[in-house]
Amino acid sequence: MAYSILLVEDHKELAATTGEYLEACGYIVDYAMDGISGLNLAKNNQYDALILDVMLPGMDGFTICQRIRQEAQSDIPILMLTARDQLNDKLEGFDAGADDYLIKPFDFEELDARLNAIIRRHKGELDSKPLVIHDLELDPKTLQVKRQGNKLKLSPTGLHILKLLMRKSPEVVTREELERELWGDLVPNSDVLRSHLYNLRKVIDKPFTEHLLQTVPGLGIKIISPEE
């Protein structure tokens with residue numbers, strides 16, 4: 001099966017060579033040379049993944065990513081492709097809803113591998129059943145989270161953490177495993193993960209009588225039904 005890709009990149013030569021390589025690998029590639037065109041194409045067409053540069057004319061990649069997630073309510077896999085390699089840029093990209101981050105200059109084989117990985121992971125999530133822990137439910141198809149029938153609003157990073165915890169439940173997930181899942185080898189200071197976990201608790205547990213998120217001192221965190 002040929003995957004359909006939208007490449008949003010304003011560097012003409014890089015866009016051409018990247019597109020040619022991906023087409024040779026069997027992908028169907030669509031192009032946009034600026035942020036506004038890229039956003040419109042992403043919102044009005046069905047793609048299997050989006051390769052998105054950060055520095056774009058018209059609208060930057062972070063804004064596009066955020067609008068695709070929030071306005072279009074799309075969970076299309078997004079790979080950020082950029083020359084910006086500062087840690088804060090990566091964190092901003094992940095918080096905007098990016099699935100992966102590749103720094104220019106990059107190896108085409110690595111681009112293909114990462115693209116394949118986020119598409120396969122996404123396809124697997126679409127085939128999976130809703131995750132349910134007690135009165136908390138996460139639907140991988142719609143990325144909708146409910147507790148006691150109430151819709152809960154999570155950041156993309158919070159949603160990523162929750163999916164991992166619910167899939168592993170009732171096992172304990174270590175901080176190292178969470179950090180590796182979120183940021184790979186480039187792990188920020190511990191306050192970043194702590195902040196995300198605090199915000200997750202505030203949404204998932206604080207408004208409710210029974211708390212599902214449990215910290216296991218010295219080990220990590222788990223999500224578990226009160227009956228267990």
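Reader: Which residues of H6 meet which residues of H7?

Author: In this predicted model, Thr 157, His 160, Ile 161, Leu 164 and Lys 168 are the H6 side of the meeting. From H7 come Glu 177, Leu 178, Glu 181 and Leu 182. H6 spans residues 156-168, and H7 spans 175-183.

Reader: Why are H6 and H7 called oblique to each other?

Author: Start with the angle. The two helices pack at about 130 degrees, with their axes 11 Å apart. Roughly perpendicular ends at 115 degrees, and roughly antiparallel needs over 145. An angle of about 130 degrees fits neither class, so the pair counts as oblique. The crossing of H6 and H7 is right-handed.

Reader: What makes H2 and H3 roughly parallel?

Author: Again, look at the angle. The axes of H2 and H3 cross at roughly 20 degrees and come within 10 Å. The cut-off for roughly parallel is under 35 degrees. Roughly 20 is under that, so H2 and H3 are roughly parallel. Their crossing is right-handed. H2 makes the contact with Gly 35, Leu 39, Ala 42 and Lys 43, while H3 uses Ile 64, Arg 67 and Ile 68.

Reader: How do you know that the buried residues of H2 are on the same side?

Author: The buried residues are Gly 35, Gly 38, Leu 39 and Ala 42. They cover an arc of only 100 degrees around the axis, so they are on the same side of H2. They pack against strand S1 (4-8), strand S2 (28-32) and helix H3 (61-70).

Reader: What makes Asp 34 a cap for H2?

Author: A side-chain oxygen of Asp 34 lies 3.1 Å from the backbone nitrogen of Ile 36. The limit for a polar contact is 3.5 Å, and 3.1 Å is within it. Asp 34 caps the N-terminal end of H2.

Reader: Why is Leu 41 called partly exposed?

Author: Leu 41 is in helix H2. Its relative accessible area is 23%. Buried needs under 20%, and exposed needs over 50%. The value falls in between, so Leu 41 is partly exposed. Beyond its neighbours within four places in sequence, Leu 41 is in contact with Leu 6, Asp 30, Tyr 31, Ala 32 and Tyr 47. Leu 41 and Asp 30 are 11 residues apart in sequence and 8.9 Å apart C-alpha to C-alpha.

Reader: How do you know whether Thr 82 is buried or exposed?

Author: Thr 82 is in strand S4, residues 78-82. Its relative accessible area is 0%. Under 20% counts as buried, so Thr 82 is buried. Leaving aside neighbours within four places in sequence, its contacts include Asp 53, Val 54 and Tyr 101.

Notes: Residues numbered from 1 in each chain as written. Predicted model: local features only at pLDDT ≥ 70, side-chain atom pairs only at ≥ 80, totals over all residues. Heavy atoms only, no water. Buried < 20%, exposed > 50% of the residue type's maximum accessible area, 1.4 Å probe, protein only. Helix = DSSP H or I, 4+ residues; strand = E, 2+ residues; numbered from the N terminus. Arc of directions from axis to C-beta. Contact = heavy atoms within 4.5 Å. Polar contact = N/O pair within 3.5 Å; in protein donor to acceptor, adjacent residues only side chain to side chain. Axes fitted to C-alpha atoms, helices over the stretch in contact; angles between N-to-C directions. Parallel < 35°, antiparallel > 145°, perpendicular 65-115°, else oblique. Left-handed = near helix turned anticlockwise from the far one by under 90°.
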